[in-house]
Amino acid sequence: YCKAIELDSYNPLYHRNIAGSHRELGSYEQAISAYQEVTRLDPSYENDYSSWGYALGELEQSGADIGSYTKQISNSLEFAPVYSSWGNSLWNQEKYEAAIEKCRQAIKLDPTYERAYTGWGHALYELEQRVGDVQAQREDIGNTPQFAHLYNGWGNALHSKKRYEAAAKKYQIAIELDPFNPLFRRNIAGSLRELGNYKQAISAYQEATRLDSSYKDAYIGWGYALGQLERKGSDIQAHIEVFDDTQIFSFLYASRAEVLLDAEMCDAAIQQCKKAISIDSTCKTAYGIWGWALGLIEKAGNTVEPYHTEGIDSASAFSELYNSWGNISYRSGKYALALHKYEKAIYLDRHCKGAYAGWGAAWGIIEQDKQITDNTQFFQEITDSSVFLDEVYMGWGDSLYSVEDYATALEKYQQAIQENKNNALSYYKSALALHKLMRYEAAISNYQ
């Protein structure tokens, strides 16, 4: 980096890179000087103001005098990230009061800098756990929308510690300060879900999507809450009347299906998957859950009925369904059935990478047990034409490795390497097998 700077001293990237190396070496004074130079050359480098702040905190932690370095920080708003990140560094050192003071300084420079409010909220939570009374640190908390981020950060800290009721109260204050921010609605909905208040959670998710109709995470959470309410046996009709056929609702149907599947309500889960796919034929999650449900039906000893598979066609997207179905069959010990599902996935989409690995694993077990199958022709087909033959051999090797046949597993992993010399995973798995065989030098070579 020094050489790069000698050749072009006006490129801020090189100063940023050398600053990062200085930080890793613990040379914080040199790192700070380099970050200063970055921001002098390009004042729009926000991340480097933040890194400058972290370096200041690390230097302060080492016990050095930082007075001369703080003189370089001006009172213009672009320096707010310096103070905010400095506060984060102090937070990491459990110096919460000092961290709050840096957040205050950041906000003084830029009252719109959200990260500083969030950091202040996190620090308030930690300080409250240690001293109980944080009134002195709350006196200058205002009632403007910007301070909503403080309460949101405080709520996040409480939620992460599973204190959901207290978190919901903080999120509610955030909503009162800024009722038009969908993030706060989604967050309170998450806490309400954890408390089992599914109807309230659904209302909050709905409001989040009303404020931002493209808010994917809110639709996903809404679907989870709806599924959990349905699992309880509650009447959900009033909660689904607001649905429409816009594509983004596919996320809601898919997450609802996931919850229902977790409760082994396979028929209901499949119906939700079909709805998701009907409005978004690219909803990969829905195809996977549908296949998973079909596999669970078979695993329970039940028959997959025509209405379960109605709507499945030869579109390549259904490869994900068959791959997922094959995974359940494999885990259930139905290896021949798994082979057929993986084959179907590959026929529909020659680039369904996971199906090749699954096929190889199932084939390895069948061959090992000398089971009679009609899959030899298919093996010849993919041997001749597959772009993912390395995945087949890796899956095959995995099945042998799992029964401690390390020598034969190694053969398959090495065949995978021959098929694709640029797949690091093949070398890694070869190294694991060599390690088990106590061929340590060869193992080291493969790890490298």
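**Figure 1. Ser191 sits in helix α11, residues 182–194.** This is a predicted model, and our tour starts at a single serine. Is Ser191 buried or exposed? With a relative accessible area of 0%, Ser191 is buried, because anything under 20% counts as buried. Which residues does Ser191 touch, leaving out those up to four places away in sequence? They are His159, Tyr164, Ala167, Ala168 and Tyr171.

**Figure 2. Helix α11 is mostly covered.** Zoom out from Ser191 and you find that 10 of the 13 residues of α11 are buried. Among them are Phe184, Ile188, Ala189 and Leu192, but also Arg185, Asn187 and Arg193. What do the buried residues of α11 pack against? The partners are α9 (148–160), α10 (164–177), α12 (198–211) and α13. You can check the length of this helix too: at 1.5 Å a residue, its 13 residues should span 18 Å, and the end C-alpha atoms are 19 Å apart, which agrees.

**Figure 3. Helix α15, residues 249–262, is largely enclosed by the rest of the structure.** Why do we say that α15 is largely enclosed? Because 11 of its 14 residues are buried. The buried set includes Phe249, Leu252, Tyr253, Val259, Leu260 and Leu261. Ser250, Ser255 and Arg256 are buried in α15 as well. The cover over these buried residues includes α13 (216–231), α14 (237–240), α16 (266–279) and α17 (284–299). Try the ruler test here: 14 residues at 1.5 Å each should span 20 Å, and the ends of α15, C-alpha to C-alpha, are 20 Å apart, so the two agree.

**Figure 4. Some residues have a positive phi.** Most residues other than glycine have a negative phi. With that in mind, take a look at Glu94, which is not a glycine but has a positive phi of about 65 degrees. Where is Glu94? Look in the loop between α6 (80–92) and α7 (96–109). Another case is Glu264, found just after α15, with a positive phi of about 60 degrees.

**Figure 5. Met438 lies in the loop between α25 (424–436) and α26 (440–447).** Here is one more residue that is not a glycine and has a positive phi, this time about 65 degrees. Is Met438 buried or exposed? Its relative accessibility is 59%, and since exposed means over 50%, Met438 counts as exposed. How far is Met438 from Ala416? The two are 22 residues apart in sequence, and their C-alpha atoms are 21 Å apart in space.

**Figure 6. The whole protein has 26 helices and 0 strands.** Now step back from the close-ups. The C-alpha trace spans about 80 × 65 × 40 Å along its principal axes. The radius of gyration is 28 Å, while a compact globule of 448 residues would have one near 22 Å. Buried residues make up 49% of the 448. If you take the contacts with a separation of 6 or more, 55% of them join residues 24 or more positions apart. On the outside, the protein exposes about 21,900 Å², with carbon and sulfur atoms supplying 46% of that. How many charged side chains are there of each sign? There are 42 positive and 59 negative ones, and the centres of the two sets lie 3 Å apart.

Conventions:
Residues numbered from 1 in each chain as written. Predicted model: local features only at pLDDT ≥ 70, side-chain atom pairs only at ≥ 80, totals over all residues. Heavy atoms only, no water. Helix = DSSP H or I, 4+ residues; strand = E, 2+ residues; numbered from the N terminus. Buried < 20%, exposed > 50% of the residue type's maximum accessible area, 1.4 Å probe, protein only. Expected span 1.5 Å × (residues − 1). Contact = heavy atoms within 4.5 Å. Rg over C-alpha atoms; globule rule 2.2 N^0.38 Å. Areas by Shrake-Rupley, 256 points an atom, 1.4 Å probe, with all protein chains shown as cover. Lys, Arg positive; Asp, Glu negative; His and termini not counted. Charge placed at Lys NZ, Arg CZ, Asp CG, Glu CD.
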